[in-house]
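Hi,

Here is the model I promised to pass on. Have a look at it first, then read my notes below.

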Amino acid sequence: MTEAADRIFVNGEGHALADPDAGGDAVCEAVAVRDGEVVRTGRTRDVELLAGVDTDVVDLDGRVLLPGFVDAHTHLTTVGRYLVHADLSAADSPDEAVDLLDERAAEVKSEESGDESAETGDWVLGYGYDESTWDESRYLTREDLDRVSTERPVAAFREDMHVAAVNGVALDRFADALADAPDETVPTGGDGEPTGVLLEAAIDPIYRAVEPGPAETRAVVEAALEHCAERGITGFHDMVRDSHAPRVYRDLDAAGELTARVRINYWSDHLDAAREVGLATNAGSDMVETGAIKSYTDGSFGGRTARLSEPYADAPDEAGQWVVDPEELNETVADATDAGFQFTAHAIGDEAVDAVLDAYEEASRTDAGEARHRIEHVELADDEAIERLAETGVVASVQPNFLKWAREDGLYEERLGPERTAETNRYREMLDAGVKLAFGSDGMPMDPLFGVHHAVNAPAESQRLTVTEALRAYASGAAYAGFDEDRLGTIEAGKRADLVALDASPWENADAIDEIDVALTVVDGEVVFDGR
């Protein structure tokens, strides 16, 4: 006698989202799950044959059922901090950002009076501002943040985390550390004094000072996990450095409380420690795995620190910076790859993308495709780089939500000019060339349907994907980037039951995918969010 299913999803429109050479996007009405695994798909009346006395039957009422979204690149504790501290992504101007920080300052004062153990001390923190959307398009400065407080340190982080602003208290507190930072990372005004704007390495001492301790890390992780569940995210690849997050993930996993699968990518300065404790790529539990060793090459377009072969359109004397120079990158890639780790490197500008591909090709005895080495972002890649990505099998781990900056008069056009703007984020051409494409968010925002919307509605044909292609990149594509394609990324018998149900069809609402609501999120067969 056939064993009954634990849970059955019926009366839906299920999409397998398999690759064309693996059966394509088969559509079913119902899905049966047992022990966290999909055991049958098909018509409702056929799948209902697996219903037993204790089977939970979930009526999808015509909703669209998809494989759970896997975010291939995020910083979960930063996403959580948006939810705990001031969320500056809501600001439409410098003045609104200051107002939001003022509100947070009042909360910090209240928290201090009620809890002397507050882990972030006297800091007022805000995350996620994007000046490119403001009429007054400029970074926040010391002058702005001094309006929030002249008694406690204030820091506001730009959305890309490559630019920050601090007030005078913070500048004074970190004067020695900032004096040691490269001059170009601590801009000064006409009076020769720091403006409060910090770039790249100059932000590091601020990051270390505001890094939450174990208790606050757990709080921001739990807040971010709830956010993930509400947006259909069943797994994510976290980029971790000097954080308590890995311990929090493992503690939640051990307690059976982890509501999304986590792949931890450790910063390259953790490589020696990772080897010493015996970590290895793909090692771990069903819910928490070790991923890649990660490094930087360049910065960001927002900070004009992404490394370009030609100068910036709005700064003809600047072509970006090396955050990690190619020689150091080559050594780190070789070291990590020889140790058997997957490697991934942040590269945004075309010169940086080329440098990573060079490092991978020169690095080691391990084929880059077999090792599934990755490049994060790949925002500006020329034809030759796209061909090299395809030939080597290097995964392009990209963020379709960045296409929000590709609109007319957007950030890309300001930094790069119209011609190079059309050459950014060329997902259509990458996919057509055979590049392995994985979608993630970088937390800007952490919302797969927002990213899918922008990939489907991109301004340039070279950037634009179909709805099915974009959804695959956020499911099987991201799963492949984490060696998980055999258990995640499609709805098929034998795969883990990580699922998301949508209130409307993205195919029928292609011009408004970002407005579709998530109705249900399922991880390993268990419902972790029910918004019906």
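What follows is a walk through the sheets, the helices around them and one residue I looked at separately.

One thing up front: this is a predicted model, so please read everything below in that light.

**The eight-stranded sheet**

Let's begin with the parallel sheet. It is open and has eight strands, in the order S8-S14-S15-S16-S17-S18-S19-S20, with parallel pairing. At its edges sit S8 (69–74) and S20 (436–439), each of which pairs on one side only. Ignoring direction, neighbouring strands are turned by 25° against each other on average.

S15 (residues 261–267) is a good place to zoom in. Seven of its seven residues are buried, so the rest of the structure largely encloses this strand. On one hand S15 pairs with S14 (residues 233–240), in the parallel sense and over six bridges; Arg263 in S15 is the bridge partner of His237. To get from S14 to S15 the chain goes through helix H9 (residues 245–254), and this β-α-β crossover is right-handed.

S15 also runs parallel to S16 (residues 288–295), joined to it by five bridges. Here Val262 has Val288 in S16 as its bridge partner. The path from S15 to S16 leads through helix H10 (residues 271–276), and that β-α-β crossover is right-handed too.

Further along, S19 (residues 395–398) and S20 are parallel and joined by four bridges, with Ala396 standing opposite Leu437 in S20.

**Helices on and around it**

Two helices lie across strands of this sheet. H11 (residues 326–338) lies across S16 and S17 (343–347), and runs at about 155° to S17. H12 (residues 350–363) lies across S17 and S18 (374–377), at about 160° to S17.

Then there is a helix pair you may like. The axes of H8 (residues 214–230) and H9 come within 9 Å and cross at roughly 65°, and the crossing is right-handed. So which residues of H8 meet H9? From H8 they are Pro214, Thr217, Arg218, Val221, Glu222 and Leu225, and they meet Ala245, Val248, Tyr249, Asp251 and Leu252 in H9. Sorted by class, this contact has seven nonpolar, one polar and three charged residues.

**The four-stranded sheet**

Another open sheet has four strands in the order S5-S4-S1-S6, and its pairing is mixed. The edge strands here are S5 (37–42) and S6 (56–59), each pairing on one side only. From one strand to the next, the twist averages 15°. S1 (residues 7–10) pairs with S6 in the parallel sense over four bridges, and Phe9 stands opposite Val58 in S6.

**A closer look at Ala86**

Last, the single residue. Ala86 is in strand S9 (residues 86–87). Is Ala86 buried or exposed? Its relative accessibility is 6%; the cut-off for buried is under 20%, so Ala86 counts as buried. Leaving aside neighbours within four places in sequence, Ala86 is in contact with Leu100, Leu101, Arg104, Leu125, Gly126 and Tyr127. Thr305 is 219 residues from Ala86 along the chain, and their C-alpha atoms are separated by 25 Å.

That's the tour. Shout if you'd like to go over any part of it together.

Cheers

Definitions and conventions. Residues are numbered from 1 along each chain as its sequence is written. This is a predicted model: local features need pLDDT of at least 70, side-chain atom pairs count only at pLDDT 80 or more; totals for chains, interfaces and linings use all residues. Side-chain values use heavy atoms; hydrogens and water are left out. Two strands pair if DSSP finds at least two bridges between them. Axes are lines fitted to C-alpha atoms, for helices over the stretch in contact, and angles run from 0 to 180 degrees between N-to-C directions. Buried means under 20% relative accessible area, exposed over 50%, partly exposed in between (1.4 Å probe, protein chains only). A crossover is right-handed if, with the strands pointing away from the viewer, the path from the first strand over the helix to the second runs clockwise. A crossing is left-handed if the near helix is turned anticlockwise from the far one by less than a right angle, and right-handed if clockwise. Contact means heavy atoms within 4.5 Å. Ala, Val, Leu, Ile, Met, Phe, Trp, Tyr, Cys and Pro count as nonpolar, Asp, Glu, Lys and Arg as charged, and the others, Gly among them, as polar.
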